[in-house]
Amino acid sequence: MSNIGTTTATETLDASTTTAAAPAAGPTTTGTPPTLTTRPAALDAGYPADSVTGQTLDDLWHMARAVLDANWSHNHTVPSRTLYPHQWSWDAAFISIGLARVNPQRAWQDLRSLFLAQWPDGRVPHIVFDPNVAERDYFPGPTFWQVPRLRPGHSDGTGIVQPPAHAIAVWEIYRRSPDDRSLAELRWFYPRLVAAQDYLLTCRDAGRGGLASIVHPWESGLDNSPAWDAALSAVPADLGVLAGRQRHDNRVAAVAHRPTDEDYARFVALALAYRDGGYRDDDLPGRHDFVVECPTFNALLSAAERALAAIATVIGVDPGPHLARARRITQAIDERLWNPQTGMYHALDVRTGRLSPARCVSGLVPLILPDLPAPRAAALMAMAESARFGISAAMPVASYDRTADDFDPVRYWRGPVWININWLLCRGLRDHGRPAQAAQLRTAMLDLVRRSGYYEYFHPVTGDGVGSAAFSWTAALVLDLLADPEGLDEVTSDQAAAVTGR
Ligand code: 9WN
């Protein structure tokens, strides 16, 4: 059971999980202009000239940096100035991976700012609120979540989580610049990352099968995906919960692109129920209306253990337990979430024991796991290449089955293309021996952004940008792709051995 405690996260985490030395003091700079490196020279290798926009890859690189600079706020990067004016958890992971290519100091600072809101029980809030942003500028804000100040200096956040992509980010930043500063950061982050994993693997193992459950669609990061429709149907769509509450998203984004009011009412009701239950996790299937095992969330949970194994090796901690955990999680994903009828992974409703019937891109993301059984990886790659998801030279993978009756090219997570998901799939293709397809997917992502800009997501047929226009993770991950011309930026064999355990 998780409870809101009063001990300091620093005391709890540092004392219990590692013998690593105390880290150097964290960065204190605020608003310092980044020291941006120039674009890598090998960047144009294998990339076709584009006559549509006339933008060079240099332009793309500089514009990505400009987006990240414009979205930098004191000690973190906001996903979007208009739609998402605070700091988001898995956004911070993707953003810092891109920042690692141009300003590692800022990358570390960004992630640190997120972890300052970590709870004593290990959970990392899905949003960390900026006290300088007015309550009306994002709903639901801090007043809604009512999370108590958990320790002195604790930042305000929500009580729910997002996919655990942070250990991957920490490892990526370190390996881009493995200097003393980064080593100190590894030591600071390691116990905190372990605590975050422990929280998910213990308090959130509601299905008792070795996977973490999410208790809200917002925890998945793929918030509005059809993957949740079946489980959400058990949650009453009582529009009354929206009375007296003003949705902010529909004021700054097109209504047709955002969740319906019915779904938003369900989202709000679920958040209220979890909050009013004291953010407790005991007996979730009995007490809470939405308890789901998500393939993407759990794939990142396993990948995080691999990243922790690599980090542990560098700081002199035994990587073995992390590798063993990673293998167990991958195995549990395969045993619990595989659907032999569809040939892909699906979300599991823990309360009913049923897999969601929807074919969603979240079911392809376990491809990022190097220890996924080869036949499963082959099936996922075939699915990604099929008409349902439409990976091609021209277009990255859509977020939902293109042939489904309710495929919606503009409503978020119900059809559009997202760069973060495709960036993950690109790594999966690379790690499962498909370098040509990985390179092709990389080109498709770059083409899309070059044509349409740094949008939050993209129309899966026309490629038009949808959602927020200057979106941070799109810019950050494009920086990472641009700095990696072959799409094959492999870790060294030593690092790979630590990460894969092979
Ligand atoms: C709710 C910030 C976040 C992303 C999510 C995306 C969207 C928020 C919203 O924006 O979610 O957390 O208000 O719709 O779905 O993946 O982290 O970019």
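**Exercise 1.** At what angle do helix H7 and helix H13 pack, and how far apart are their axes?

*Solution.* The structure under study is a predicted model. Begin by locating the two elements: H7 covers residues 180-202, and H13 covers residues 295-315. The helices pack at an angle of about 145°, and their axes are 10 Å apart. Next, consider the handedness: the crossing of H7 past H13 is left-handed. Then identify the residues that make the contact. On H7 they include Leu183, Leu186, Tyr190 and Gln197, while on H13 they include Phe297, Leu301, Glu305 and Ile311. Finally, sort the contact by class: 15 residues are nonpolar, one is polar and two are charged.

**Exercise 2.** Determine whether Ser73 is buried or exposed, and state which residues Ser73 is in contact with beyond its neighbours within four places in sequence.

*Solution.* First, place the residue: Ser73 belongs to strand E1, residues 72-73. Second, apply the cut-off. The relative accessible area of Ser73 is 13%, and buried means under 20%; therefore Ser73 is buried. Third, list the partners: with neighbours within four places in sequence left aside, Ser73 is in contact with Val78, Arg81 and Asp130. As a further distance, the C-alpha atoms of Ser73 and His86 are separated by 8.9 Å, the two residues being 13 apart along the chain.

**Exercise 3.** Describe the second largest pocket by its volume and its lining.

*Solution.* The volume of this pocket is about 310 Å³. Its lining consists of 19 residues, of which Val128, Phe129, Asp130, Pro131 and Ser155 are the closest to the centre. Classifying the lining gives six nonpolar, ten polar and three charged residues. Asp130 thus links two exercises: Asp130 lines this pocket and is in contact with Ser73.

How values were computed: Residues are numbered from 1 along each chain as its sequence is written. This is a predicted model: local features need pLDDT of at least 70, side-chain atom pairs count only at pLDDT 80 or more; totals for chains, interfaces and linings use all residues. Side-chain values use heavy atoms; hydrogens and water are left out. Helices (H or I, at least four residues) and strands (E, at least two) are DSSP runs, numbered from the N terminus. Buried means under 20% relative accessible area, exposed over 50%, partly exposed in between (1.4 Å probe, protein chains only). Contact means heavy atoms within 4.5 Å. Axes are lines fitted to C-alpha atoms, for helices over the stretch in contact, and angles run from 0 to 180 degrees between N-to-C directions. A crossing is left-handed if the near helix is turned anticlockwise from the far one by less than a right angle, and right-handed if clockwise. Ala, Val, Leu, Ile, Met, Phe, Trp, Tyr, Cys and Pro count as nonpolar, Asp, Glu, Lys and Arg as charged, and the others, Gly among them, as polar. On a 1 Å grid over the protein atoms alone, a cavity is a set of points where a 1.4 Å probe fits but cannot get out, and a pocket is an open set with protein on both sides within 12 Å along at least five of seven lines; lining residues have an atom within 4 Å of a point. Grid points are joined across faces, edges and corners, and a volume is the space filled by probe spheres set on the points.
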